[in-house]
Amino acid sequence: MLLPGATLGMLGGGQLGRMFTIAARNLGYKVIVLEPDTGSPAGQLADEHIIAAYDDAEALVKLGNQCDVITTEFENIPAEVLNKLTEYCPVFPSASAVEKAQDRIVEKEFILSCGLLPVPYGVINTNSDIANAVKGITFPAILKTARFGYDGKGQQTINSVDEVEAAFKETGQVSCVLEQRIDLDCEVSVILGRNEQGETQCFPVAENIHRDGILYQTLAPARVDDNIANAAQAAAQRMADKLDYVGVMAVEFFVTKKGELLVNEMAPRTHNSGHFTLDACVTSQFEQQVRMVCGLPFGDSRLLSPVVMTNMLGDLWGSGANTQPHWDKLLENPSTKLHLYGKKEARAGRKMGHYCTLADDLTSAQQQADKIFNQLP
Ligand code: ADP
Ligand code: MG
């Protein structure tokens, strides 16, 4: 067990790393962040920020020598980097678990191997795969690059077979999956912690509302029946077990209009849809990550109040002059908690911060959250 005073390494300097750093430092740990960007959200708050590429050999030696354990906030850390670091100290999650989430083709095969249902899909590596990939797919569909997609990036809507080839060309002919577009009842996600002994603890199932492929709001608890909620938690747990996962991970699901539960994707890290835990659960997902990688007991994942988490993208900031949103409108609501990530520049679609609105019921929390959102710009 690594107790307070130990040094934790974080690969990645974004907001997930920042909130991990806050949780870890609150508990008395030291944090060293490896991140190429200067002034990154996590680097600003860490005890030390190593400014170097994730695969910089010298930086990895420096990080490895100083840390008691290393974790990540970013799924695209190369597997070789995670493996290399295990020569110095434990690294959670493992390279083999992270790798499964880096490529949509590998991920969907993994979902199937767990006996779970991915979204119906076909694989396209070359033009000659298209004929086969469209079999079993009813249009409209979505073409997604297999690697490096996030916040809806790398995705194109496809309305007929004829459009596939041009869209594939548009990707630069990198490996892709062609997915059936699902008629969604809703989207839910499960965040869980898993320790080295193989025990897991799930946070309450959350419901996610996306706008233009980017998360807008998370509602907890999800407004789904218990069967769906239990099935989602069981599915996420099965995936974590099969990966022999250590740390915090997230699984995103689609609930179809027919009431089917499909696995969309997983993230080998804390997740945007788990930010509600910061203000509404006994333990946040970030503290749970600290606890899991340090071998501490689980923190209580109980939800204390209905909550709506709302993302704030750079679009809410004025253009050009970089004016700030109307914070006074948000701060006058006593049950809303503001979290800003310290990003210097606001850009359209860039996650700048979020807020959590707590109320006795979800309807009221959502009404208040939406009202704030409309007053911010
Ligand atoms: P990202 O890695 O960008 O999060 P996702 O595959 O999760 O990629 O897609 C982002 C969002 O786009 C989803 O949460 C969902 O709202 C929508 N979406 C993606 N794929 C589908 C699909 N096959 N059917 C319906 N909606 C989808
Ligand atoms: Mg997603």
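Here are some exercises on this predicted model, each with a worked solution.

Local features are taken at pLDDT of at least 70, side-chain atom pairs at pLDDT 80 or more, and totals for chains, interfaces and linings over all residues. Residues count from 1 along each chain as its sequence is written, chains are lettered from A and ligands numbered from 1 in the order in which they are written, and side-chain values use heavy atoms, with hydrogens and water left out.

**Exercise 1. Find the protein donors of the magnesium ion (ligand 2) and place them in the fold.**

Step 1: Look for donors, meaning N, O and S atoms within 2.8 Å of the metal (3.2 Å for Na, K and Ca); water is not among the atoms, so sites may look incomplete. You get Glu-252 (OE), Glu-252 (OE) again and Glu-265 (OE), at 1.9 to 2.8 Å from the ion.

Step 2: Put them on strands (DSSP runs of E, at least two residues; helices are runs of H or I, at least four; both are numbered from the N terminus). Glu-252 sits in strand S13 (residues 247–256) and Glu-265 in strand S14 (residues 261–267), so the pair ties together parts 13 residues apart in sequence.

Step 3: Check accessibility, where buried is under 20% relative accessible area, exposed is over 50% and partly exposed is in between (1.4 Å probe, protein chains only). Glu-252 is buried at 14%, while Glu-265 is partly exposed at 21%.

**Exercise 2. Work out the strand order and the edges of the sheet with parallel pairing.**

Step 1: Strands pair if DSSP finds at least two bridges between them. That gives an open sheet of four strands, in the order S3-S2-S1-S4.

Step 2: Strand S3 (48–50) and strand S4 (69–72) are the edges; each has a single partner strand, so one side of each has no neighbour in the sheet. From one strand to the next, the twist averages 25 degrees.

Step 3: Zoom in on strand S2 (residues 30–34), which pairs with S3 in the parallel sense over three bridges. Val-33 is opposite His-49 in S3.

Step 4: Add the helices, using contact (heavy atoms within 4.5 Å) and angles from 0 to 180 degrees between N-to-C directions, with axes fitted to C-alpha atoms, for helices over the stretch in contact. Helix H2 (residues 57–66) lies across strand S1 (7–11), S2, S3 and S4, at about 150 degrees to S3. Helix H10 (residues 285–294) touches S1 and S4, and makes about 140 degrees with S4.

**Exercise 3. Describe the surroundings of Gln-217.**

Step 1: Locate Gln-217 in strand S12 (residues 214–220). Gln-217 is buried, at 1% relative accessible area.

Step 2: Leave aside neighbours within four places in sequence; the contacts of Gln-217 then include Glu-207, Val-308, Thr-310 and Asp-370.

Step 3: Look for a polar contact (N or O atoms within 3.5 Å; within protein, one able to donate a hydrogen and the other to accept it, with residues adjacent in sequence counting only if both atoms are side-chain atoms). The side chain of Gln-217 makes one with the side chain of Gln-366, at 3.2 Å.

**Exercise 4. Count the disulfides.**

Step 1: Apply the cut-off of 2.5 Å between cysteine sulfur atoms. The count is zero.

Step 2: Check distances. The closest cysteine sulfur to that of Cys-186 is in Cys-202, 17 Å away and too far for a bond. For Cys-202 the closest is in Cys-281, at 12 Å, again too far.

Step 3: Note the burial: Cys-186 is buried at 12%, and Cys-202 is buried at 16%.
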